[in-house]
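This report describes part of a protein model, shown below.

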Amino acid sequence: MSRKMIKKIVCPHCSASVDTELWSSINVTQDPAARARIMDESLFSWCCPECGYQAKLLYPCLYHDMDRKFMVYLIPELAQNSLSDPVVEKQFPELSDIKKRLVTDLNAMKEKVLLFEAGLNDKAIELTKLALSEVLAKRRGQAVSTGYFCSYDEEQNRLGFTFFLKGEPEPCYQGTRRQVYEKSLEIVGHFSPAQQDGAGFIRIDGAWASEILKQYRSEL
Ligand SMILES: [Zn+2]
């Protein structure tokens with residue numbers, strides 16, 4: 001079930017106090033329209049009815065896809081890498097085999113949704129992304145600031161990523177063969193199998209991938 005609450009938000013422009021709907025969790029299996037509102041970010045767009053001031057309003061929101069068995073918990077500015085949420089775990093006791101991920105920004109949330117929907121493993125995607133960003137940084141002589149999985153072509157066996165290089169406003173598309181992903185899957189199976197994930201939410205991101213890659217390279 002999707003859950004929302006009403007909170008008063010004070011407009012930073014005109015100081016009006018505005019009752020605002022905040023969605024603490026959305027269930028896209030029961031409420032498919034909510035998925036689109038995550039993907040176009042309208043769930044986090046705020047507009048003051050008094051003065052028209054617009055802002056992005058990020059708040060904790062749990063994304064739940066029951067069919068594909070994953071949850072992505074967006075918690076802005078969260079510092080820790082894992083989270084056991086007894087309330088959520090109690091709420092969904094039947095779903096202990098579900099993938100649970102923590103993210104701190106909306107782009108990362110959308111990326112998880114896209115790749116889990118494509119049936120991909122997010123750990124292998126993070127490793128693939130890291131390997132590609134290293135190659136790209138070397139080739140362009142510029143550090144990569146962020147990168148996201150963006151497409152999977154099953155027929156062509158290709159995965160696509162979008163990278164942002166430091167100091168360059170335009171994103172850079174980078175495709176790769178599925179074999180690179182398969183190799184990453186092998187590394188995941190060895191260093192971080194799913195059965196070691198535990199019951200709570202975990203963060204799988206670039207920092208996680210760097211750590212795993214370090215372990216892998218030290219064993220070579
Ligand atoms: Zn206002």
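The sections below cover a strand, its pairing partners and a residue in a helix.

## Strand E10

The model is a predicted one. In a regular strand the side chains alternate between the two faces of the sheet. Strand E10 spans residues 158–165, and its side chains alternate. Leu 159, Phe 161, Phe 163 and Leu 165 point to one face and are buried. Arg 158, Gly 160, Thr 162 and Phe 164 point to the other face and are not buried.

## Pairing with E9

Strand E9, residues 144–153, pairs with E10 in the antiparallel sense, over eight bridges. Within this pair, Phe 163 of E10 has Gly 147 opposite, and Phe 163 is also one of the buried residues of E10.

E9 and E10 form a hairpin, with four residues between the two strands. The turn contains Asn 157, whose phi is positive at about 55°.

## Pairing with E11

E10 is also joined to strand E11, residues 172–177, by six bridges, and the two run antiparallel. Opposite Tyr 173 in E11 stands Thr 162, a residue of E10 that is not buried.

These two strands form a hairpin as well, with six residues between E10 and E11. Gly 167 lies in this turn and has a positive phi of about 80°.

## Glu 182 in helix H5

Helix H5 covers residues 178–191 and includes Glu 182. Glu 182 counts as exposed because it has 12 C-beta neighbours inside 10 Å, and the cut-off for exposed is 12 or fewer.

Ser 218 is 36 residues from Glu 182 along the chain, and their C-alpha atoms are separated by 20 Å.

How values were computed:
Residues numbered from 1 in each chain as written. Predicted model: local features only at pLDDT ≥ 70, side-chain atom pairs only at ≥ 80, totals over all residues. Buried ≥ 20, exposed ≤ 12 C-beta atoms within 10 Å, placed from the backbone. Pairing = 2+ DSSP bridges.
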